[in-house]
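Here is a short briefing to read with the structure open beside you. It goes through a helix pair, the ligand site and a few backbone details, topic by topic.

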Amino acid sequence: MKSISALVRKNILTLKPYSSARNEHHGQNSILLDANENPFASGYNRYPDPNQTDLKKGLSKLKNVSPENIFIGNGSDEAIDLLIRIFCVPGKDSILTTTPTYGMYQVAADINDITVHSIPLNEHFELEPKSILREWGNEIKILFLCNPNNPTGNSFPLELVRSIIKSFNGIVVLDEAYIDFSSQKSLLNELDTFPNLAILQTFSKAWGMAGLRVGVCYASPAIISWMSKVKYPYNINKYSLELVKELLTKNKRVRINIDEIIRQRNWLSNQLKFLPMVVKVYPSDANFLLVKMTRSKRIYQYLQSKMIIVRDRSATFGCVDCLRITIGTGSENRKLIKALKSV
Ligand SMILES: *Cc1c(COP(=O)(O)O)cnc(C)c1O
């Protein structure tokens with residue numbers, strides 16, 4: 001594959017990033033008269049660390065990757081947008097993805113005037129090797145693969161994913177937002193093998209912190225340093241940094257919740273299978289189930305009238321008559337089943 005800098009947009013290659021006051025300052029207990037902050041303490045009167053050094057240290061330990069391999073984003077959605085802006089020339093370059101998949105790749109591409117080519121998954125939502133293992137044009141800079149995939153819930157075989165990363169000429173973004181719910185392992189400890197690989201994870205799903213907006217991109221230092229140059233200087237607020245850092249020390253608790261969600265997923269899947277309106281419950285490695293139903297629109301509206309909100313995915317490619325149901329607590333899931341039994 002090409003070197004990372006050969007893939008970067010020319011205007012980004014020559015970019016002189018904004019150097020914030022806090023970037024240049026390293027000592028502690030100083031009198032801080034450099035950033036036009038308010039001197040009266042509120043807990044949040046100071047700008048947050050633009051390099052997120054503490055959180056990266058904590059993550060580095062927990063995940064066994066170096067801090068130079070870590071980018072912290074305002075949700076992983078920030079990383080998606082940044083990667084497109086770093087590598088894709090508006091009006092000229094393209095990205096490649098599968099369909100169906102997570103909608104933000106398309107939205108971020110559209111905002112940046114980047115064409116999206118999508119490879120249709122088959123009826124089992126599998127990726128056919130011959131549809132993707134081929135030469136792609138040089139204008140296709142990024143391939144987005146979501147594994148486990150949203151909204152389908154399934155995973156692609158790791159051997160296939162590895163061979164795709166090896167053969168692809170540009171950057172491969174592997175979105176592992178749901179990896180903690182999966183029995184398949186993350187490719188995180190294979191970063192060194194693949195300099196063109198960027199792995200996205202998030203604190204929004206398994207870690208239960210969607211409201212804090214913290215996502216992570218793990219990649220080679222070459223990719224990470226471009227992301228750090230292009231991001232807003234203070235992209236993660238101080239409150240989120242503190243809470244997530246604290247959460248890292250409670251990862252055993254987080255694991256207990258994940259295991260409970262997986263148990264609930266199995267329970268819900270078994271219950272749904274026997275309901276008369278359910279045509280198919282797709283296998284899931286994530287914290288949601290994609291369910292094909294007869295008259296899914298009516299069911300969706302009926303559930304809404306019972307104050308149960310699910311996601312209507314019936315307009316999505318390959319997902320005709322499908323609802324996507326997030327796994328709730330035991331009592332929420334029982335109420336869902338009870339409501340469906342009384343349709
Ligand atoms: C929910 C989700 C994300 C999310 O991201 P944050 O911005 O970190 O909340 C990313 N990718 C996929 C596939 C998702 O489903």
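**Briefing: helices, ligand and loops**

Helices α5 and α6 cross in a right-handed sense. Please keep in mind that this is a predicted model. Besides the helix pair, the points below cover the ligand, with 13 residues around it, and some loop residues worth finding on your screen.

**The helix pair**

- Two packed helices are described by the angle between their axes and the distance between the axes.
- Helix α5 covers residues 76-87 and helix α6 covers residues 104-111.
- Their axes come within 9 Å of each other, and the crossing angle is roughly 45°.
- Angles under 35 degrees count as roughly parallel and those from 65 to 115 as roughly perpendicular, and α5 and α6 are therefore oblique to each other.

**The ligand and its shell**

- Of the 13 residues around the ligand, the nearest are D175, Y178, T202, S204 and K205.
- By residue type, the shell around the ligand is made up of four nonpolar, five polar and four charged residues.
- Y178, one of those nearest residues, has a side-chain N or O atom 2.6 Å from an oxygen atom of the ligand.
- For N150, an N or O atom of the side chain is 2.9 Å from a ligand oxygen atom.
- K205, also among the nearest residues, has a side-chain N or O atom 3.2 Å from an oxygen atom of the ligand.
- On its own the ligand has 400 Å² of accessible area, and the protein covers 94% of that.

**Cis peptide bonds**

- N150 turns up again here, as a cis peptide bond joins N150 to P151, with omega about 10°.
- P151 sits in the loop that runs between β4 (140-146) and α8 (158-167).
- The peptide bond from T99 to P100 is cis as well, and its omega is near 0°.
- You will find P100 in the loop between β2 (94-99) and α6, and α6 is a member of the helix pair described above.

**Positive phi outside glycine**

- D113 is not a glycine, yet its phi is positive, at about 60°.
- The loop that holds D113 lies between α6 and β3 (115-120).
- R213 is not a glycine either, and it too has a positive phi of about 60°.
- Look for R213 in the loop between β6 (197-202) and β7 (215-219).

How values were computed. Residues numbered from 1 in each chain as written. Predicted model: local features only at pLDDT ≥ 70, side-chain atom pairs only at ≥ 80, totals over all residues. Heavy atoms only, no water. Near = heavy atom within 4 Å. Polar contact = N/O pair within 3.5 Å; in protein donor to acceptor, adjacent residues only side chain to side chain. Areas by Shrake-Rupley, 256 points an atom, 1.4 Å probe, with all protein chains shown as cover. Nonpolar A, V, L, I, M, F, W, Y, C, P; charged D, E, K, R; others polar. Axes fitted to C-alpha atoms, helices over the stretch in contact; angles between N-to-C directions. Helix = DSSP H or I, 4+ residues; strand = E, 2+ residues; numbered from the N terminus. Parallel < 35°, antiparallel > 145°, perpendicular 65-115°, else oblique. Left-handed = near helix turned anticlockwise from the far one by under 90°.
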